[in-house]
Amino acid sequence: MSRTDVAGARRRVGWWRRRPVRRALVLTHRWTSLVLGLALVVETTCGAIALYHSEWFQAANSWFYRHTTSAHPISAERAMAVVTAAHPGFAAAWVSYANGVYAIGDSTYTTAYGVDPGTGQINGLANLDGGLMGFIVNLHDCALTCQGYSGYLPALARPVPTLGLGWLAGVTWGGALLALLGLLMVLLAITGVITWWPGFRRMAHGFRVRTGKGRFARDYDLHNLIGIVAVPLVLMWGVTGAAFELPGVQNAWLAITGGHSVDPDRYTFAANPAPANASVVDLAEAESIARQRVGGQVVYVTTPQGSGSAAYYSVSLATGDAPYRYRAFFGGDRTVYVDSHDASHVSVVDSVPQPAANTFYDRVFEPAHFGWMVNGWWRVCWFVFGLTPLALGLTGLSTWLFRRKSRKRRKHRRNRTDRPAPLSLVGAS
């Protein structure tokens, strides 16, 4: 083959398979894993455990859900009045319909009273995010910046310097760390696929595990197999995890997939100032209005938000496939705002038609981050894939240590070979 033919063959090879580029990608994949791998493993392992936060709370607080059957259960508004009368210092901010009881919670969303609708009896006060599970959720969701949760660290809740960049406004040090780990997952997923790619003719080699070829071959193949199978979920967790802290990541993903940027005011509502002697829309009426607008089942309602006569209700409903149906207390997927003094002034979030990419992100991609769209048994799949970074870390570390040890052995052998002979042997004849 002539030099021209060789050059043409090299040009036809994908840019990612050319030796310098592939080497750079391998090093990027390896060293980002080694430098930030431990933090990433901690984050994802805590996330796998937090998938069962709802089930954990129900099991640990079974008394909270005591209820009796009644032909005439009390209303949610009456349940709030019962709690307010019994505990005047407790500022009730929301009510949720949860497994047969009313949960009446505070504005910090960290404590709630359980009320039996059949008898109107208060079951007791529960800390929603305390103990070990609260610490795990705080570590995974907030990087220890959620005040009121176990393990809160005020230092990490301080804002980062914006450096003149508007998209850093309001981002805390903990949020910046979570965004960095999310982007790292995206980088590892992309570089992992590129470095793994064996070519169409050797595709089967990318899915094999050589169990009889020694530790290195076994762990190397396991690392590749686990990584390529987990790529879709790792990519999803990386994008959505970073987007929770940096909305620009979500907008970038939507732009790539054919959507449009999210309206930053989608969850804002301005109630009309009420005229003198205006009638008040009660909680039951606000629920009825929301059901008429979008259908579905009311999951939770906040008490009127805003100031004085310009207050409004926020009603959350579970509709259709309900991608958050298994979340404790806050399982709604559609939000309706109702003016507390004007029943005709209503706003339905995302009522304007949007591209399929935006709908997919809202109804599938983002909810899949938590796994609340399926019950606890199916969520085992999320749990297993949530542990893949741990498995990838262990197999990757094993192969790296093996290579490192092999290089040291080769270097030691070369040094022994290149060592000059002792003087006592030189000239001996």
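These are my notebook entries on a predicted model of one protein chain.

**Entry 1: overall counts**

I began with the whole chain and found twelve helices and eight strands. Of its 429 residues, 41% are buried. I then looked at contacts between residues at least 6 apart in sequence, and 60% of these join residues at least 24 apart. The chain exposes about 23,900 Å², and carbon and sulfur atoms supply 61% of that area.

**Entry 2: strands E6, E7 and E8**

I looked up strand E7, which covers residues 334-339. Five of its six residues are buried, so the strand is largely enclosed by the rest of the structure. Which strands pair with E7? Strand E6, residues 312-318, pairs with E7 in the antiparallel sense over six bridges. Within that pairing I noted Tyr313 opposite Val338 in E7. Strand E8, residues 346-348, also runs antiparallel to E7, and three bridges join the two. Here Tyr337 has Ser347 in E8 as its bridge partner. The link from E7 to E8 is a hairpin of six residues.

**Entry 3: nonpolar cores**

The largest nonpolar core has 27 residues, and I checked which members touch the most others: they are Leu40 and Val249. Four elements give two or more residues to this core, namely helix H6 (173-196), helix H7 (215-245), helix H8 (247-256) and helix H10 (356-365). I followed Leu40 further, leaving aside its neighbours within four places in sequence. Its contacts are then Leu181, Leu184, Met185 and Leu188. Apart from this core lies another, of 25 residues, with Phe90, Ile104, Tyr313 and Leu317 among them. I had already met Tyr313 as the residue opposite Val338.

**Entry 4: a patch on the surface**

I next looked for nonpolar side chains on the outside. Trp56, Leu132 and Phe135 make a nonpolar surface patch of about 320 Å². Leu132 is in helix H5, residues 131-142. Is Leu132 buried or exposed? With a relative accessible area of 55%, Leu132 is over the 50% mark and therefore counts as exposed.

**Entry 5: salt bridges around Arg266**

The structure holds eight salt bridges. I looked at Arg266, which forms one with Asp350, their closest N and O atoms being 2.5 Å apart. The two sit in distant parts of the chain, 84 residues apart: Arg266 in the loop between H8 and helix H9 (283-294), and Asp350 in the loop between E8 and H10.

Arg266 also forms a salt bridge with Asp362, with 3.3 Å between the closest N and O atoms. Asp362 lies in helix H10 and Arg266 in the loop between H8 and H9, so this pair ties together parts that are 96 residues apart in sequence.

I compared how covered the three residues are. Arg266 is buried at 18% relative accessible area, and Asp362 is buried at 16%. Asp350 is partly exposed, at 33%.

**Entry 6: a salt bridge within one helix**

I also looked up Glu287 and Arg291, whose side chains meet in a salt bridge at 3.9 Å, N to O. Both lie in helix H9, four residues apart, about one turn of the helix. Glu287 is buried, with a relative accessible area of 8%, whereas Arg291 is partly exposed at 37%. Going back to the earlier set, I noted that salt bridges with shared partners join Arg266, Asp350 and Asp362 into one network.

Key:
Residues numbered from 1 in each chain as written. Predicted model: local features only at pLDDT ≥ 70, side-chain atom pairs only at ≥ 80, totals over all residues. Heavy atoms only, no water. Buried < 20%, exposed > 50% of the residue type's maximum accessible area, 1.4 Å probe, protein only. Pairing = 2+ DSSP bridges. Core = buried A, V, L, I, M, F, W, Y, C linked by side-chain atoms within 4.5 Å. Contact = heavy atoms within 4.5 Å. Patch = residues over 30% accessible without salt bridge, like charges linked within 9 Å, V, L, I, M, F, W, Y side chains within 5 Å. Areas by Shrake-Rupley, 256 points an atom, 1.4 Å probe, with all protein chains shown as cover. Salt bridge = Lys/Arg side-chain N within 4 Å of Asp/Glu carboxyl O.
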